[in-house]
Amino acid sequence: MMCIMLCRAAANTEVDLTFYSCAMNEFIFDVKNIRKDFPILSQEIYGKPLVYLDNAATTQKPLSVIRKIEEVYSTINANIHRGVHRLSQLATESHEEARKTVQNYIGAASSKEIIFTRGATESINLIAASFCRSQCKPGDEIILTTMEHHANIIPWQIQQDITGIELKIVPLTEAGEIRLEDVEELISSRTKLISLTHVSNVLGTINPIEELIRLGHNYNIPVLIDAAQSIQHISIDVQALDCDFMVFSSHKMYGPTGVGVLYGKETWLDKLPPYQGGGEMIAHVTFAKTTFNELPFKFEAGTPDYVGTTALGEAIRYIKNIGLDNIRHYETHLLQYATKKLLQIENMQIIGTSERKSSVISFLIKGIHPYDMGMLLDRLGIAVRTGHHCAQPLMDALGIEGTLRASFAFYNTEKEIDILAEGIERVVKMF
Ligand code: 7TS
């Protein structure tokens with residue numbers, strides 16, 4: 001198991017290259033030990049040590065999560081919520097325990113407010129469908145921003161076709177930020193919901209969601225927060241934020257793929273109709289009429305991924321063990337270190353220059369197509385993302401086709417950033 005130390009290091013103490021000690025020499029993040037928990041990281045790719053910098057797409061999994069999946073299948077596997085037998089009870093307990101773990105992690109008032117889905121995308125589709133069907137009339141408006149991932153655009157466009165809602169899009173500043181006054185200007189008597197990302201998966205911008213939620217509520221408008229890029233980096237308390245809905249994916253927070261979360265205030269979830277039918281979401285079924293189960297089951301049709309949810313619970317325990325404040329501190333250091341390092345490279349352009357950024361850097365090198373750079377970095381064992389990052393409207397607004405993107409997790413090191421910078425320099429020379 002990983003070990004995290006917060007300690008005062010003696011001045012001039014020699015520290016392993018992979019360790020980080022902050023300017024005050026007060027903080028040491030034991031990344032070397034943490035990396036031992038992630039077996040995939042010690043691999044070689046094309047004979048070079050893997051440098052995995054695509055964490056915004058998906059994070060790697062610690063052994064405790066991998067082992068939890070094996071443990072569930074090896075010891076308690078049975079379908080949940082419906083069996084009287086022992087294994088079914090154990091699997092149900094495990095799934096419901098995971099729901100409580102998620103509830104505590106985000107500070108929700110009740111575990112009824114935690115709906116398990118397949119991912120952030122499915123969570124937004126659920127809200128878009130249920131909310132628009134029950135709350136919107138033709139001509140009603142939903143506010144989105146220019147920096148949204150397609151997962152927070154297309155579900156609303158589908159509803160646009162079905163229910164006749166209209167979409168209003170908040171523009172961005174030069175630095176890639178949202179201004180409250182631009183949001184306020186779009187609010188009208190027809191605005192039904194504001195749906196926006198907490199952190200941009202391209203720009204890294206951390207949006208001022210506290211103020212935006214307050215603004216929405218001043219006009220009686222509920223707010224949905226897409227926390228797919230923040231839940232693994234920033235401590236979130238949904239009650240303190242007072243957001244109405246929040247979504248995120250397990251696989252971006254060191255948990256398994258195929259599991260996601262929708263948080264909704266109980267008052268809202270009670271009001272909304274089910275999204276899908278079948279399985280445990282019913283109270284009683286006849287051909288004449290079906291009544292629905294209580295929360296959270298009303299929104300969980302079919303057999304849930306109880307193995308995945310249990311493993312997500314384990315991932316959350318892993319994150320909490322390190323501590324989100326420590327994670328944030330260390331990742332902020334990595335972001336600053338990488339920004340400084342990359343800016344030393346000739347013709348480097350960093351896309352997204354907000355003062356408040358998460359550990360994501362999108363960049364371009366003049367004269368080199370991002371795809372070519374990405375392919376050549378791959379041959380050096382460096383995994384970065386290239387392309388539009390499922391944010392084509394943002395690319396259009398920026399007037400570019402795509403970017404390269406390096407995104408950091410707490411298991412990344414300064415040394416890996418050095419390797420990235422050297423790799424880019426090497427490719428630049430080849431061109
Ligand atoms: N919202 C944001 C802000 C995201 O970055 C992503 C995925 C999603 C929603 C959808 O998450 P999913 O787990 O349901 O697919 N973002 C990325 C990315 O930046 N590169 O690959 C996936």
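This section describes the domains, sheets, helices and selected local geometry of a predicted model.

The domain assignment divides the protein into two parts. Domain 1 comprises 21-52 + 323-430, and domain 2 comprises 66-320. Domain 1 is therefore written as two segments, whereas domain 2 is written as one. The centres of domain 1 and domain 2, taken over C-alpha atoms, are separated by 28 Å. The contact between them draws 35 residues from domain 1 and 31 residues from domain 2.

The size of an interface is often given as the accessible area lost when the parts come together. Here, domain 1 and domain 2 bury about 2,500 Å² between them. Carbon and sulfur atoms carry 59% of that area. On the domain 1 side, Leu324, Arg356 and Leu394 supply 26% of the area buried against domain 2. No other three residues supply more. Polar contacts are present as well: 15 residue pairs, both members at pLDDT 80 or more, are in polar contact between domain 1 and domain 2. The count of salt bridges between the two domains is zero. Three elements, α11, β16 and α13 (392-398), each supply at least two residues of the domain 1 side that touches domain 2. The largest share of that side comes from α13, with six residues.

One open sheet holds four strands in the order β15-β16-β19-β18. Its pairing is antiparallel. Strands β15 (348-351) and β18 (385-387) form the edges, and each pairs on one side only. Neighbouring strands of this sheet are turned by 30° against each other on average, direction ignored. Strand β15 runs antiparallel to β16 (residues 360-365), and four bridges join the two. Within this pair, glutamine 349 has leucine 364 of β16 as its bridge partner. Two helices pack on the sheet. Helix α11 (residues 324-343) touches β15 and β16, and its direction makes about 5° with that of β16. Helix α12 (residues 370-379) touches β16, β18 and β19 (403-407). The direction of α12 makes about 40° with that of β19.

A second open sheet holds seven strands, ordered β6-β12-β11-β10-β9-β7-β8. Here the pairing is mixed. Strands β6 (114-117) and β8 (166-170) each have a single partner strand, so one side of each is left without a neighbour in the sheet. The twist averages 20° from one strand to the next. Strands of a sheet pair through backbone hydrogen bonds, either parallel or antiparallel. Strands β10 (residues 223-226) and β11 (residues 245-249) run parallel and are joined by three bridges. Isoleucine 225 has methionine 246 as its bridge partner in β11.

Helices also lie across strands of this second sheet. Helix α4 (residues 120-135) crosses β6, β7 (141-145), β9 (191-197), β10, β11 and β12 (260-264). Its direction is at about 155° to β11. Helix α7 (residues 209-218) lies across β9 and β10, and runs at about 160° to β10.

Two backbone features stand out against a general trend. Most residues other than glycine have a negative phi, and most peptide bonds are trans. Leucine 295 and proline 296 are joined by a cis peptide bond, with omega at about 0°. Proline 296 sits in the loop between β14 (290-292) and α10 (306-322). Tyrosine 46 is not a glycine, yet its phi is positive, at about 50°. Tyrosine 46 belongs to the loop between β3 (44-45) and β4 (48-49).

Charge pairing was also counted. Side chains of opposite charge can pair when their charged atoms come close. The count comes to 17 salt bridges. One salt bridge joins the side chains of glutamate 96 and arginine 99, at 2.7 Å from N to O. Both glutamate 96 and arginine 99 lie in helix α3 (residues 86-106). They are three residues apart, about one turn of the helix.

Methods
Residues are numbered from 1 along each chain as its sequence is written. This is a predicted model: local features need pLDDT of at least 70, side-chain atom pairs count only at pLDDT 80 or more; totals for chains, interfaces and linings use all residues. Side-chain values use heavy atoms; hydrogens and water are left out. Two strands pair if DSSP finds at least two bridges between them. Axes are lines fitted to C-alpha atoms, for helices over the stretch in contact, and angles run from 0 to 180 degrees between N-to-C directions. Contact means heavy atoms within 4.5 Å. Buried area is the accessible area (1.4 Å probe) that two parts lose on being put together, summed over both. A salt bridge is a side-chain nitrogen of Lys or Arg within 4 Å of a carboxyl oxygen of Asp or Glu. A polar contact is a pair of N or O atoms within 3.5 Å; within protein, one must be able to donate a hydrogen and the other to accept it, and residues adjacent in sequence count only if both atoms are side-chain atoms.
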